[in-house]
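I opened my notebook to write down what I looked up, one entry at a time. The structure goes in here before the entries start.

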Amino acid sequence: MRLATWNVNSLKARIDRVVAWLDDVSPDVLCIQETKLAQDKFPHDLFVQLGYESIHYGQGQWNGVAILSKVGIESPRYGLTNDPSGEARAIWATCQGVRVASLYIPNGRSLEDDHYQYKLRWLEALLSDSRLESEQYEAVVLGGDFNVAPSDLDLWDISAFDGMTHVSPLERKAIEAIIEAGFVDLFRQMYKDSGLYSWWDYRNGAFHKKNGMRIDLVLGSQKVSRDMVWALIDRNERKGGQSQARPSDHAPLVIEFDH
DNA sequence: ATGGTCGATGGTCGA
């Protein structure tokens, strides 16, 4: 199975690029974050023309997550069991026997902000659901924008992140807790190098300066980890250019495993 | 190059 996750930063603004990318890469399953679409605005019919069934959990101008699948969608679930807010940040489906989540973890904003405590509560609720789903399914993948760089390898300069979110010990512990619950950071399993990022700020020429972070992850259960074949971050998709529509600030992460 | 993000939105916030 080829599975990808991509924070598109508005599906409406990105639809041409998403369609072209699906045509190029042909993932069996695509987890999308930040659709920024109301529930009734999602282009299910367009994706059907490309061979994909889809489910969407939208709330309008912010957030919004979706799963596209060429191999079926069963047992959809919206949100988290103990969701701290009700924002549209999690959606689940079974695709060809694989339990898939598309996740958009809260940003946190700053360590002093209430939104940071919300982020930590949200990650706790995700840990709880990850355990629940693991009891039901052997193959589980949690794909999404985690808004956490798991280690110092996952950003360009740790000194630029002193006192910032995305790297704080509590956020990293929350990711580590999911890993201790039996999940594996599938991209990191394949590559140990620094400098491999999935997000670059639009501002200050960050992409060209290689000032990025690896905050988009696919966490897989042991079964998926054992069956991994390859992984890649499609950083070409972060490029702009005069002949191309504007990019998202995130690049897609693609994994392939025997299934 | 005396500026330097983007998207939803319709003044300003969120990332």
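Is His 250 buried or exposed? I looked up its relative accessibility, which is 3%, so His 250 counts as buried. The cut-off for buried is under 20%. I also noted that this is a predicted model.

**Entry: around His 250**

I placed His 250 in the loop between β13 (228-233) and β14 (253-257). I then listed its contacts, leaving aside neighbours within four places in sequence. They are Trp 6, Asn 7, Asp 145, Ser 198, Trp 199, Ile 215, Asp 216 and Arg 238. With Asn 7, the side chain of His 250 makes a polar contact of 3.5 Å.

**Entry: the annotated residues**

Which residues does the UniProt annotation "active site" cover? I found Tyr 104, Asp 145 and His 250 in the record, which is an unreviewed entry. These residues are spread over 147 residues of sequence, yet they cluster in space, with a largest C-alpha distance of 12.5 Å. I also checked the lining of the largest pocket, and it includes Tyr 104, Asp 145 and His 250.

**Entry: Asp 145**

I found Asp 145 in strand β8, which runs over residues 140-145. Its relative accessible area is 2%, so I wrote Asp 145 down as buried. Leaving aside neighbours within four places in sequence, the residues in contact with Asp 145 include Gln 33, Leu 103, Ile 105, Ile 215 and Asp 216. Tyr 104 and His 250 from the annotation are among the contacts of Asp 145 too. Asn 7 is another, and a polar contact of 3.0 Å joins the side chains of Asp 145 and Asn 7. Asn 7 came up earlier as a polar contact of His 250.

**Entry: DNA strand B**

Which residues are around DNA strand B? I copied out Asn 9, Ser 10, Arg 14, Lys 36, Gln 61, Trp 62, Tyr 104, Asn 107, Arg 109, Tyr 202, Arg 203 and Arg 246. Of the atoms of DNA strand B that come within 4 Å of the protein, 73% belong to sugar and phosphate. I sorted the residues near the strand by type and got three nonpolar, four polar and five charged. Tyr 104 is in this list, and the "active site" annotation covers Tyr 104 as well.

I then looked at single arginines. An N or O atom in the side chain of Arg 14 is 3.0 Å from a phosphate oxygen of DNA strand B. For Arg 109, a polar side-chain atom lies 2.7 Å from a phosphate oxygen of the strand. For Arg 203, the partner is a base nitrogen of DNA strand B, 3.3 Å from a polar side-chain atom.

**Entry: Lys 209**

I found Lys 209 in the loop between β10 (199-200) and β11 (212-213). The relative accessible area of Lys 209 is 52%, so this residue is exposed. A polar atom of its side chain lies 2.9 Å from the backbone oxygen of Asn 204. I also looked up Lys 209 against Val 25: they are 184 residues apart in sequence and 27 Å apart in space, C-alpha to C-alpha.

**Entry: Leu 50**

Where is Leu 50 found? I located Leu 50 in the loop between α2 (44-49) and β3 (53-57). Leu 50 has 33% relative accessibility, so I recorded it as partly exposed. Not counting residues up to four places away in sequence, Leu 50 touches Val 19 and Leu 22. Asp 28 is 22 residues from Leu 50 along the chain, and their C-alpha atoms are separated by 11 Å.

Conventions: Residues numbered from 1 in each chain as written. Chains lettered and ligands numbered in written order. Predicted model: local features only at pLDDT ≥ 70, side-chain atom pairs only at ≥ 80, totals over all residues. Heavy atoms only, no water. Near = heavy atom within 4 Å. Polar contact = N/O pair within 3.5 Å; in protein donor to acceptor, adjacent residues only side chain to side chain. Nonpolar A, V, L, I, M, F, W, Y, C, P; charged D, E, K, R; others polar. Helix = DSSP H or I, 4+ residues; strand = E, 2+ residues; numbered from the N terminus. Buried < 20%, exposed > 50% of the residue type's maximum accessible area, 1.4 Å probe, protein only. UniProt positions renumbered as here; feature names shortened; annotations may be inferred. 1 Å grid on protein atoms, 1.4 Å probe; cavity = no way out; pocket = protein on both sides within 12 Å on 5 of 7 lines; lining within 4 Å. Contact = heavy atoms within 4.5 Å.
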